[in-house]
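Q: Please take a close look at one part of this structure for me. I am new to it, so start with the salt bridges and then show me what surrounds them.

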Amino acid sequence: MAEMQSMVPPPAIALQGVQVNFPIYYGGSRSLKKSILFKSSAGRIARDANHLLIEALRDITLTLEPGDRLALIGANGAGKTTLLRVLAGIYEPTAGNATISGRISPMFDIGLGIDAELSGYENIRLRGLILGLSPREIDVKLAEIGEFTELGDYLHMPVRTYSSGMMLRLTFAASTCFDPEILLMDEWILAGDANFLQKAHNRLKAFVVKASIFVLASHNLDLCSKWCTHGLWMEQGRAKMYGPIDEVIAAYTTTVGG
């Protein structure tokens, strides 16, 4: 058994020349409305034989190994969320290669997979399956997740009866119920009411520490500096600068401030 476990490759991310394009059909119109729409996109606008393209990512090459903590920095529309979705397997590169090994834990949509007609416990099971847990792993963690939510008997009721605060408790607890390998996060998720906030914050910090590889897209540069070792400054879908987090933040703030 030990030999079999040792044969499992460690979590890793390798991107080589990754590009993601979004076609804009009927883009030939010269109307003012469409001109404004195109100009509002931070991605580079290009054209192929049939339509306009938004080049959301262009020539991204990146390698991450266990222990790496990467912050994606840049203005809105720079390509940070698109890159996270490539890493999560949601978007397939238009060109280039993305090779990812390890269990991916996306934390940019913690409400994914929630069915309003199912009970809290049933939704915990559903969320666990989406995140790649086996039914046995979910059973082991079910009681602990339920206790963390502090929802009591409401866990037996359909979640359509929940308040927004109760829903946040449920989705947050279900999303942080296992040790992640590759953790992808868009901004810093904090869930619930004031009494639940500190509890959620502590759990989230422990969740990040346990991750083998952590990628955070955030505008909070203090948070990036605290939790990440390296930074990738993105601009119009390209990697403008990569390096130690404090050096990247210094260059970024100098440019933005100037």
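A: Here is a walk through the salt bridges, followed by the cores, a helix, one residue and the cysteines.

This is a predicted model: local features need pLDDT of at least 70, side-chain atom pairs count only at pLDDT 80 or more, and totals for chains, interfaces and linings use all residues. Residues are numbered from 1 along each chain as its sequence is written, and side-chain values use heavy atoms, with hydrogens and water left out.

Side chains of opposite charge can pair when their charged atoms come close. A salt bridge here is a side-chain nitrogen of Lys or Arg within 4 Å of a carboxyl oxygen of Asp or Glu. By that rule there are eight salt bridges.

Take R169 and E150. Their side chains form a salt bridge, at 2.9 Å from N to O. The pair links distant parts of the chain: R169 sits in helix 6, E150 in the loop between helix 5 and helix 6, and 19 residues separate them. Helices (H or I, at least four residues) and strands (E, at least two) are DSSP runs, numbered from the N terminus. R169 counts as buried, because its relative accessibility is 10%. Buried means under 20% relative accessible area, exposed means over 50%, and partly exposed lies in between (1.4 Å probe, protein chains only).

E150 has another partner. K199 meets E150 in a salt bridge of 2.8 Å, N to O. This pair also links distant parts of the chain: K199 belongs to helix 7, E150 to the loop between helix 5 and helix 6, 49 residues apart. K199 is partly exposed, at 27% relative accessible area.

Another salt bridge joins K240 and E235, with the closest N and O atoms 4.0 Å apart. K240 is partly exposed at 46%. E235 is partly exposed too, at 39%. Through shared partners, salt bridges join E150, R169 and K199 into one network.

Now the cores. A nonpolar core is a set of buried Ala, Val, Leu, Ile, Met, Phe, Trp, Tyr and Cys residues joined through side-chain atoms within 4.5 Å. The largest one has 44 residues, and those with the most contacts inside it include F172, L183 and W188. Among the elements that give two or more residues to this core are helix 5 (135-149), helix 6 (164-175) and helix 7 (194-210). Apart from it lies another core of 22 residues, including I60, L72, I182 and V215.

Helix 3 covers residues 80-87. It is mostly covered, as six of its eight residues are buried. These are K80, T82, L83, L84, V86 and L87. After helix 3 comes G89, with a positive phi near 85°.

Back to helix 7, which holds V209. V209 counts as exposed, because its relative accessibility is 54%. Beyond its neighbours within four places in sequence, V209 is in contact (heavy atoms within 4.5 Å) with R69 and W227. V209 and L183 lie 26 residues apart in sequence and 10.0 Å apart in space, C-alpha to C-alpha.

Last, the cysteines. A disulfide is a pair of cysteine sulfur atoms within 2.5 Å. The count is zero. The closest cysteine sulfur to that of C228 is in C224, 5.5 Å away, so the two are too far apart for a bond. C228 is buried, at 5% relative accessible area. C177 is buried as well, at 8%.
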